[in-house]
Amino acid sequence: MDFWTAAVIVVALWSVVTIWTRRHDRELGVARDEDGNPVFPPSAQGKAEDPQARAEIQRLRERIVVLERIVTDRGHALADEIERLRDERSVEDAPLPGLAEKSAARSGAEDREPAR
């Protein structure tokens, strides 16, 4: 088989595939853009469900608003609780008056003990 015979076979196969693809696309109602990507037109069924879909979207948006409110309100309460616990912890960690002096005197006494 020479080069020209192979070229004719490739062109013939390419033409058959192109014709079959276009016929198949036409049966499905698919158009192609300039890059060859399939573009599906809006279906008649989608238009019939449009009010129902809009109502569903509106209900979902209302639910999202409620969920956001729950999450943010709980977030503020949680932040307040964390701050309250931090304040309690800082009070517990604070040294007692006079305790710091005793611990300083005790550590000074340990330094002065002779080593045996």
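**Exercise 1.** Is I9 buried, partly exposed or exposed, and what is its relative accessible area?

*Solution.* The model is a predicted one. Begin with the location: I9 lies in helix α1, which spans residues 3-28. The relative accessible area of I9 is 41%. Buried requires under 20% and exposed over 50%, so I9 is classed as partly exposed. Finally, I9 joins M1 and L13 in a nonpolar surface patch, with about 370 Å² of accessible area together.

**Exercise 2.** Determine which side chain meets R32 in a salt bridge, and classify both partners by accessibility.

*Solution.* The partner is D25, with an N to O distance of 2.7 Å. R32 has a relative accessible area of 42% and is therefore partly exposed. D25, at 8%, counts as buried. For context, 3% of the 116 residues of the protein chain count as buried.

**Exercise 3.** The structure holds three salt bridges. Describe the sequence spacing of the pairs E56 and R59 and E83 and R86, and give the accessibility of each residue.

*Solution.* Take E56 and R59 to begin with: their closest N and O atoms are 2.2 Å apart. Both belong to helix α3 (residues 50-93), and because they are three residues apart, about one helical turn separates them. E56 is partly exposed at 33%, and R59 is partly exposed at 46%.

Next, the side chains of E83 and R86 meet at 3.0 Å, N to O. This pair in helix α3 is also three residues apart, which means a separation of about one helical turn. E83 is partly exposed at 39%, whereas R86 is exposed at 52%.

Terms used:
Residues are numbered from 1 along each chain as its sequence is written. This is a predicted model: local features need pLDDT of at least 70, side-chain atom pairs count only at pLDDT 80 or more; totals for chains, interfaces and linings use all residues. Side-chain values use heavy atoms; hydrogens and water are left out. Buried means under 20% relative accessible area, exposed over 50%, partly exposed in between (1.4 Å probe, protein chains only). Patches are made of residues with over 30% relative accessible area and no salt bridge: like charges are joined within 9 Å, nonpolar side chains (Val, Leu, Ile, Met, Phe, Trp, Tyr) within 5 Å. Accessible areas come from the Shrake-Rupley method with a 1.4 Å probe; for residues, only the protein chains shown count as cover. A salt bridge is a side-chain nitrogen of Lys or Arg within 4 Å of a carboxyl oxygen of Asp or Glu. Helices (H or I, at least four residues) and strands (E, at least two) are DSSP runs, numbered from the N terminus.
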